[in-house]
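Student: I am new to this structure and would be grateful for a close look at a single part of it. Please take one residue as the starting point and work outwards to its surroundings.

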Amino acid sequence: MSRRALEALALEGYREQTLTLYQISEMLGLSRVETEDFLGRHHVPLSKIGQAELDREAAVFEAASRRTR
C-alpha cells in the first residue's frame, strides 16, 4: 500500500473514531506528537476523550516507548 493511501486510511479511521492516536502512530511510524501534527496538517481535530481513555493511551505509548529503547 502506498504511503498516501495509508495516510488517507489513517485520517478516515480517526475521523470515524475507529482508530486511535496510538493506532495511527503505529500505522505511520510516528511519535504521538508527530501524529497530532499530522492530523492538524490535515485539519482533523483531536477527538475529545475522557480521562480513562487518556490514561489508557498514555500507558500504551509508555509501554511502546520502553520496547524501542
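Tutor: Thr35 touches Leu21, Ile24, Ser25 and Leu30, not counting residues up to four places away in sequence; contact here means heavy atoms within 4.5 Å. The model is predicted, so local features need pLDDT of at least 70 and side-chain atom pairs count only at pLDDT 80 or more, whereas totals for chains, interfaces and linings use all residues. Residues are numbered from 1 along each chain as its sequence is written, and side-chain values use heavy atoms, with hydrogens and water left out.

Thr35 lies in helix H3; helices (H or I, at least four residues) and strands (E, at least two) are DSSP runs, numbered from the N terminus. With a relative accessibility of 0%, Thr35 counts as buried. The term buried means under 20% relative accessible area, exposed means over 50%, and partly exposed is in between (1.4 Å probe, protein chains only).

Within H3, Thr35 is buried together with Phe38 and Leu39. Viewed down the axis of H3, these buried residues fall within an arc of 95 degrees, so they line one face of the helix; the arc is that of the directions from the helix axis to the C-beta atoms. The face of H3 turned away from this buried side carries Val33 and Arg41, which are exposed. The cover over the buried residues of H3 includes H1 and H2.

Consider next how H3 meets H2. Their axes come within 9 Å and cross at roughly 95 degrees. Axes are lines fitted to C-alpha atoms, for helices over the stretch in contact, and angles run from 0 to 180 degrees between N-to-C directions. The crossing makes H2 roughly perpendicular to H3. As for the terms, angles under 35 degrees count as roughly parallel, over 145 as roughly antiparallel, 65 to 115 as roughly perpendicular and the rest as oblique. H2 contributes Leu21, Ile24, Ser25 and Leu28 to the contact, while H3 contributes Arg32, Thr35, Glu36, Phe38 and Leu39. Sorted by class, this contact of H2 with H3 has five nonpolar, two polar and two charged residues. In this sorting, Ala, Val, Leu, Ile, Met, Phe, Trp, Tyr, Cys and Pro count as nonpolar, Asp, Glu, Lys and Arg as charged, and the others, Gly among them, as polar.

H2 has a buried side of its own, made up of Leu21, Tyr22, Ile24, Ser25 and Leu28. Seen down the axis of H2, they fall within an arc of 165 degrees and so line one face of the helix. H1, H3 and H4 are among what covers them.

The axes of H2 and H1 come within 10 Å and cross at roughly 180 degrees. H1 and H2 are therefore roughly antiparallel to each other. On the H1 side, Arg3, Leu6, Glu7, Leu9, Ala10 and Tyr14 meet Leu21, Ile24, Met27 and Leu28 of H2. The residues of this contact divide into eight nonpolar, no polar and two charged. Leu28 touches both neighbouring helices: leaving aside residues within four places in sequence, Leu28 is in contact with Arg3, Leu6, Glu7, Ala10 and Phe38.

Several of these residues recur in the largest nonpolar core, whose ten residues are Ala10, Leu11, Tyr14, Leu19, Leu21, Ile24, Leu28, Phe38, Leu39 and Val44. A nonpolar core is a set of buried Ala, Val, Leu, Ile, Met, Phe, Trp, Tyr and Cys residues joined through side-chain atoms within 4.5 Å. H1, H2 and H3 each supply at least two residues of this core.

The loops complete the view. Most residues other than glycine have a negative phi. His43, which follows H3, has a positive phi near 60 degrees. His43 is placed in the loop between helix H3 (32-41) and helix H4 (51-67), and is exposed at 72% relative accessibility. Ser47 is also in the loop between H3 and H4. This serine, Ser47, is partly exposed, at a relative accessible area of 23%, and is in contact with Tyr14 and Gln17, its neighbours within four places in sequence left aside. Gln17 belongs to the loop between helix H1 (3-15) and helix H2 (21-28). Although not a glycine, Gln17 has a positive phi of about 60 degrees, and its relative accessible area of 61% makes Gln17 exposed.
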